[in-house]
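This report covers strand pairing and helix packing in one model. The sequence and structure are shown first.

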Amino acid sequence: MNEFYDALEARDPAVREQAQMQALARQVQHARSSTTAFAELLADAPAQVDSRALLAQLPVTRKHELLARQQAGRASDPFGGFAAIGWGAARRVFQSPGTLYEPEGARPDYWRVARAMHAAGFRAGELLHNSFSYHLTPAGSLMETGAHAIGCTVFPGGVGNTELQLQAMAELRPQGYVGTPSFLKILLDKAAESGQDLTLRKALLSGEAFPPSLRDWMAERGVSAYQCYATADIGLVAYETAAREGLVVDEGVIVEIVRPGSGEPVAEGEVGELVVTTLNPDYPLIRFGTGDLSAVLPGACPSGRTNQRIKGWLGRADQSAKVRGMFVHATQLGELGRRFPMLGRLRLRVEGEMAQDRMTLLAEIEGAAPEGLAEQLAQALRDITKLRGEISFLAPGSLPNDGRVIEDARRYD
């Protein structure tokens, strides 16, 4: 369990950073020259983006922007100008809720999941039962291509048909499982009810939260289960190891944690939105905002893997609230933060009862607030949101480190 998938996992962090920044520069240039979307989005970017500081100057592309471009250009380009490949070079095209379309190219282990499977204990010559969907979304293919790269045989169970899947497990006797935590629990429960002895001993789970209590429950039933974080747009982002201390970032992506609603990187350990830049040349998403909250863990993984670690999924970053008939979004708080860089964390608290909403902007600031700052902030808040709000200054560290920038504390009872 402690051996690595390849030498990349244990390389010196400085060597990795240098290699990734060189790859980043090539990827940004490739995205600008090979896709119409990034030719426009990165038109004002530095000529050579070869550092995290320069990367942080580029715009964050969030899923709703990706969707808008796909919908606008669907007749001529179903990928909205973000893909560097089209029909023929793309082996498959998938559909995700939204409706978004993602290409899959022809490279082995296209979504880079083999690394996560290896860390979860999968090895060549084993049979793997895949209960992720094989239609519309890339989840089934994502896991299958990773398993094939390791040398595993895959049973494409897909979703649903619990009894048939259990029958296949009983007759084929797979060693491993990939799918959601909830469906694996259903399978284990039903197998126990019917007296069926499953041969599953390992699992790689994704798509849902996987709390330690459920992990321990599965371990008591003989299944050593690990989780990974992957998306339909990016593929593998991070994966769990035997150390069980956070998720190690994949070698094929560059991860940032930014303040929700903005593109500003936060300090190590602070909760923010997970932003990912992929080094995949076919679909070169630069600073893709996942909409998920996470945080960077300090230090290296006890397993010996030296890449950055994240805490895993900590909630959603795309926060909003409807106040007096108007929506307030996290991006508006991000704009407010950019106008007042002397402020630390911001949180908009919405209180009161139905039809009696009250907004208060909680703003951390070092020392006493300069005279007139509260009035300036109140006016800026009104300009941006079209709503009036009160201002309350707090000492640094007063707001919780949970990534939340909009708190809806209204009563509806």
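## Sheet and helix packing

In this predicted model, strand E4 (residues 127-130) runs parallel to strand E6 (residues 176-179), and three bridges join the pair. One residue of E4 can be placed exactly: Asn 130 has Val 178 in E6 as its bridge partner.

Both strands belong to an open sheet of nine strands with mixed pairing, in the order E5-E4-E6-E7-E8-E9-E10-E15-E14. Its edges are strand E5 (153-156) and strand E14 (296-297), each of which pairs on one side only. Helix H7 (residues 162-172) packs on this sheet, where it touches E4, E5 and E6. The direction of H7 makes about 175 degrees with that of E4.

A further packing involves two helices. Helix H10 (residues 330-339) packs against helix H11 (residues 373-385) at about 140 degrees, and their axes lie 10 Å apart. H10 is therefore oblique to H11, since angles over 145 degrees would be needed to count as roughly antiparallel. The crossing of H10 and H11 is right-handed.

The residues that meet in this contact are listed by helix.

| Helix | Residues in the contact |
|---|---|
| H10 | Gln 332, Glu 335, Leu 336, Arg 339 |
| H11 | Leu 377, Ala 380, Leu 381, Asp 383, Ile 384, Thr 385 |

By class, the contact of H10 with H11 comprises five nonpolar, two polar and three charged residues.

Key. Residues are numbered from 1 along each chain as its sequence is written. This is a predicted model: local features need pLDDT of at least 70, side-chain atom pairs count only at pLDDT 80 or more; totals for chains, interfaces and linings use all residues. Side-chain values use heavy atoms; hydrogens and water are left out. Two strands pair if DSSP finds at least two bridges between them. Helices (H or I, at least four residues) and strands (E, at least two) are DSSP runs, numbered from the N terminus. Contact means heavy atoms within 4.5 Å. Axes are lines fitted to C-alpha atoms, for helices over the stretch in contact, and angles run from 0 to 180 degrees between N-to-C directions. Angles under 35 degrees count as roughly parallel, over 145 as roughly antiparallel, 65 to 115 as roughly perpendicular and the rest as oblique. A crossing is left-handed if the near helix is turned anticlockwise from the far one by less than a right angle, and right-handed if clockwise. Ala, Val, Leu, Ile, Met, Phe, Trp, Tyr, Cys and Pro count as nonpolar, Asp, Glu, Lys and Arg as charged, and the others, Gly among them, as polar.
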